[in-house]
Amino acid sequence: MHDIRMIRETPEVFDAAMKMRKSDVSSVDVLAIDTARRAKIAAAEDAKAAQNAASKEVGAAKAKGDEAEFERLRALVGEKKAEVARLNDEAKLEDEKLATLLMSLPNIPFEDTPIGETEEDNVEINRWGTPRRFPFTPKEHFVLPGVVPGMDFETAAKLSGSRFVVLKGAVARLHRALAQFMLDTHVENGLTETWVPVLVNEAMMYGTGQLPKFGEDSYQTTDGQWLVPTSEVTLTNIVNGETVDEAKLPMRMCAHSQCFRSEAGSAGRDTSGMLRQHQFEKVEMVSITKPDDSRAELDRMTAAAESILENLLLPFRTVVLCTGDIGFGAQRTHDIEVWLPGQQAYREISSISVCGAFQARRMNARFKPAEGGKPEYVHTLNGSGLAVGRCLIAVLENGQQADGSVELPVALHPYLGGKTTLDPFGTLI
């Protein structure tokens, strides 16, 4: 959520940012509500002062025996009391209107975020590894002979509908091994492993920006709870409503969880295989920092996610998203895209964003400076470290062999009981 004081003091900065983010809202719209709200508050304070003054005079008139003045003042007190209540109610409505508007507006990008319209305007900042030259035409993951026995879309469709999968046997074990490898790596990188719920109340979804704008992208239960689209929601909201000591920052956490997305608006995209699912697993990273540290933390988190792919020997590239492609709550985003031979393309496997105080204002999350002074808003960051299913796809496609088997990365061998290969029949050997 935006700082209204910033909009009052530098409306031109706000307007330029909203234009870059393709929002039709301007500072004029925001400040009109703010002005009306402040006018109602001032009028209520004036009416309250008049009410208090009249209340003091009521007793004096009574003592003097001036019945007419007593009745006039008593009536005036009643009128002012009603006026104060009315103006406070009107100010509250304006305040709610302002909060709703500010909640619906995207974050202001950093100055070094590339200006652009679409993903074509994103800027590559890193490339690692060289895509393997295959002596045959590489296949997509879901048709590899060794994978077919362990990746059942037909049964999943019977159970739940489209965009679900049942993983079995060696493929399920490989999927689990990847998640464990990611967690272990991130713990070594200084993140605290955390287990969190996947059901949250509505206030938590507002806190990280999934509501009100993106409600259709998530699943809501009949009792008003929400299934998280990412454990960013639960991890970040750990500091919701809290004022933490500066000494506790940065807070660096990671969690392996189920994630649920309706994929609204993605009809017809990536319908084959398990690239885009309604239910999937992800290892999420979240950092809570001081304002001065958040930009450097973005680079640290990016390196942590990249290290997973490097250890798995999977070629990737990292891009900075342009203003037309960046997420709602982000100031700057690094997308990591892994090479998928079956598609002959780089596909997103991680998105790491710094949100500044945008989420902290929504959550009222602050820290207490060590040297004293007023509490300040924390800065929040989040990123995939990584999407487990997409990493599984990348391992399978990059390691495929001509006979239908898959050679598995050395880093995973200890997690698979020393097994090194998925054979053409779906067995780990």
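Colleague: In which strand is Gly383 found?

Modeller: Gly383 is found in strand 16, which covers residues 379-387. Keep in mind as we go that this is a predicted model.

Colleague: Is Gly383 buried or exposed?

Modeller: To read burial, look at the relative accessible area: under 20% means buried, and over 50% means exposed. Gly383 has 0% relative accessibility, so Gly383 counts as buried.

Colleague: Which residues does Gly383 touch, not counting residues up to four places away in sequence?

Modeller: Gly383 touches Val283, Glu284, Met285, Met301, Ser351 and Ile352. You can also try a distance: Arg362 is 21 residues from Gly383 along the chain, and their C-alpha atoms are separated by 19 Å.

Colleague: Met301 was among those names. Where does Met301 sit?

Modeller: Met301 is one of the buried residues in helix 9. The others listed with Met301 are Ser294, Glu297, Leu298, Thr302, Ala304, Ala305, Glu306, Ser307, Ile308 and Leu309.

Colleague: How should I think about a pattern along a helix?

Modeller: Here is the general idea: an α-helix has 3.6 residues a turn, so residues three or four places apart point the same way. With that in mind, find Ser294, Glu297, Leu298, Met301 and Thr302 in the structure, which are among the buried residues of helix 9.

Colleague: What span should the 18 residues of helix 9 have?

Modeller: The rule to apply is 1.5 Å a residue, which for helix 9 (residues 294-311) gives an expected 26 Å. The end C-alpha atoms of helix 9 are 26 Å apart, so the span agrees with the expectation.

Colleague: Now for backbone angles. What is the usual sign of phi?

Modeller: Most residues other than glycine have a negative phi, and most peptide bonds are trans. Leu313, just after helix 9, takes a positive phi of about 60°. Leu313 is placed in the loop between helix 9 and strand 11 (316-320). With 60% relative accessibility, Leu313 counts as exposed.

Colleague: Which value does phi of Arg163 take?

Modeller: Arg163 has a positive phi of about 65°, although Arg163 is not a glycine. Arg163 lies in the loop between helix 5 and strand 3 (166-167). Unlike what you might guess from a loop, check the number: at 13% relative accessibility, Arg163 counts as buried.

Colleague: What can I find at the two ends of helix 5?

Modeller: At the start of helix 5 (residues 153-160), a side-chain oxygen of Asp152 comes to within 3.2 Å of the backbone nitrogen of Glu154. After helix 5 comes Gly161, with a positive phi near 110°.

Colleague: Which residues does a cis peptide bond join, with omega about 0°?

Modeller: That bond joins Leu249 and Pro250. Pro250 has its place in the loop between strand 8 (243-245) and strand 9 (251-260). There is also a cis peptide bond from Gly385 to Leu386, with omega near 25°. Leu386 lies in strand 16, the strand where we found Gly383.

Colleague: Let's try side chains. With which side chains does Gln359 make polar contacts?

Modeller: To read a polar contact, look for a pair of N or O atoms within 3.5 Å. The side chain of Gln359 makes such a contact with the side chain of Glu232 at 2.9 Å, and another with the side chain of Thr380 at 2.6 Å. Gln359 lies in helix 10 (residues 358-363) and is buried, with a relative accessible area of 2%. Leaving aside neighbours within four places in sequence, Gln359 is in contact with Gly207, Thr208, Glu232, Thr236, Thr380 and Asn382.

Colleague: Finally, how many residues line the second largest pocket?

Modeller: Its lining has 16 residues, and Asp3, Arg5, Arg361, Arg366 and Tyr377 lie nearest the centre. The space in this second largest pocket is about 370 Å³.

Colleague: Which element supplies the largest share of that lining?

Modeller: Helix 4 does, with 4 residues. Helix 1 (4-9), helix 4 (67-103) and strand 15 (376-377) each supply at least two residues of the lining. Sorted by kind, the lining residues of the second largest pocket are 7 nonpolar, 1 polar and 8 charged.

Conventions. Residues numbered from 1 in each chain as written. Predicted model: local features only at pLDDT ≥ 70, side-chain atom pairs only at ≥ 80, totals over all residues. Heavy atoms only, no water. 1 Å grid on protein atoms, 1.4 Å probe; cavity = no way out; pocket = protein on both sides within 12 Å on 5 of 7 lines; lining within 4 Å. Points joined across faces, edges and corners; volume = space filled by probe spheres on them. Nonpolar A, V, L, I, M, F, W, Y, C, P; charged D, E, K, R; others polar. Expected span 1.5 Å × (residues − 1). Buried < 20%, exposed > 50% of the residue type's maximum accessible area, 1.4 Å probe, protein only. Polar contact = N/O pair within 3.5 Å; in protein donor to acceptor, adjacent residues only side chain to side chain. Contact = heavy atoms within 4.5 Å.
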